[in-house]
Amino acid sequence: MNPNQYYPDNSYFVSDDNLNFHSGSYANYDQSFDTYSQPAQLNQPAASSWQPAPTTNFTGEEDEPPLLEELGIDLNKIIIRLMHSLDPTGKCGVVLGDYDVIGPIALYLTYTSLLLLAGGKLMFSYIYGLAVLTSVCMYGLLWAMTDSSEVTLTSTFSVLGYSFTPVVLVALLAVFVNLKNIFGAIIVLAAVVWSSMNAARVFVAMFGNSDQKYLMAYPCAIICGLYTLFILY
């Protein structure tokens, strides 16, 4: 081995008798040994101004609104209107605005079901057809009497349907008691007066003329009387 062997980086080694090698360098070699003793530093990426997009919070099933609320059905309002329709004195007042058709449809369905239980009469198509026909006729009468924005076909159907509650109670009584007698006629007559006065009270409040209360009660009594015929016959 050549003791004075040169290397391409201008360094050389000098050997001694103990075979210990000492590094040396030329005068123009100004790079310190500490530079090579430090570990290599990886280039770190520069801080970026990019911000992650906000994530969408997906709600679980426990955070979803109830199904009835999604369908626009408010049970509290339906119960309140039913309670007002069962007040024969009218001291509870009337509920105007936010008219719904779910409550009346449920009442008509209940009425036809009770008729089926009481006498085996399948009257679904007759009851619903009569409900639509009487609502349209009553709406035409109200439209001719007033120009109030409260008077619509939906509100007319809703008022007539909720005022129908006493007649439904009579149909429930007919399931357990035979009403095809004088006693039944009196009960039915009382239910007709009760229902017609409830409807008239709401209709008068809709266009603000209390003097026409009994005038409005007359067509309402005819409508309720048509329904009670299914109980007596």
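Me: On helix α5, which residues are exposed on the other side, away from the buried ones?
Reply: In this predicted model, Ser125, Leu133, Trp143 and Ala144 of α5 are exposed (over 50% relative accessible area, with buried under 20% and partly exposed in between, using a 1.4 Å probe and protein chains only). Residues are numbered from 1 along each chain as its sequence is written. Local features need pLDDT of at least 70 and side-chain atom pairs 80 or more, while totals for chains, interfaces and linings use all residues, and side-chain values rest on heavy atoms, without hydrogens or water.

Me: And which residues of α5 are buried?
Reply: Ile127, Leu130, Ala131, Thr134, Ser135, Met138 and Leu142 are the buried residues of α5. Seen down the axis of α5, they fall within an arc of 135° (taken from the directions from the axis to the C-beta atoms), so they line one face of the helix.

Me: What do those buried residues pack against?
Reply: The buried residues of α5 pack against four helices, namely α4 (102-119), α6 (153-162), α8 (182-207) and α9 (213-232), where contact means heavy atoms within 4.5 Å.

Me: How far apart are the end C-alpha atoms of α5?
Reply: They are 32 Å apart, which agrees with the 32 Å that the 22 residues of α5, 124-145, should span at 1.5 Å a residue (1.5 Å times one less than the number of residues). Helices here are DSSP runs of H or I with at least four residues, numbered from the N terminus.

Me: Changing topic, where is Phe183?
Reply: Phe183 belongs to helix α8.

Me: Okay, and what is the relative accessible area of Phe183?
Reply: Phe183 has a relative accessible area of 44%, so the residue counts as partly exposed.

Methods: Helices (H or I, at least four residues) and strands (E, at least two) are DSSP runs, numbered from the N terminus.
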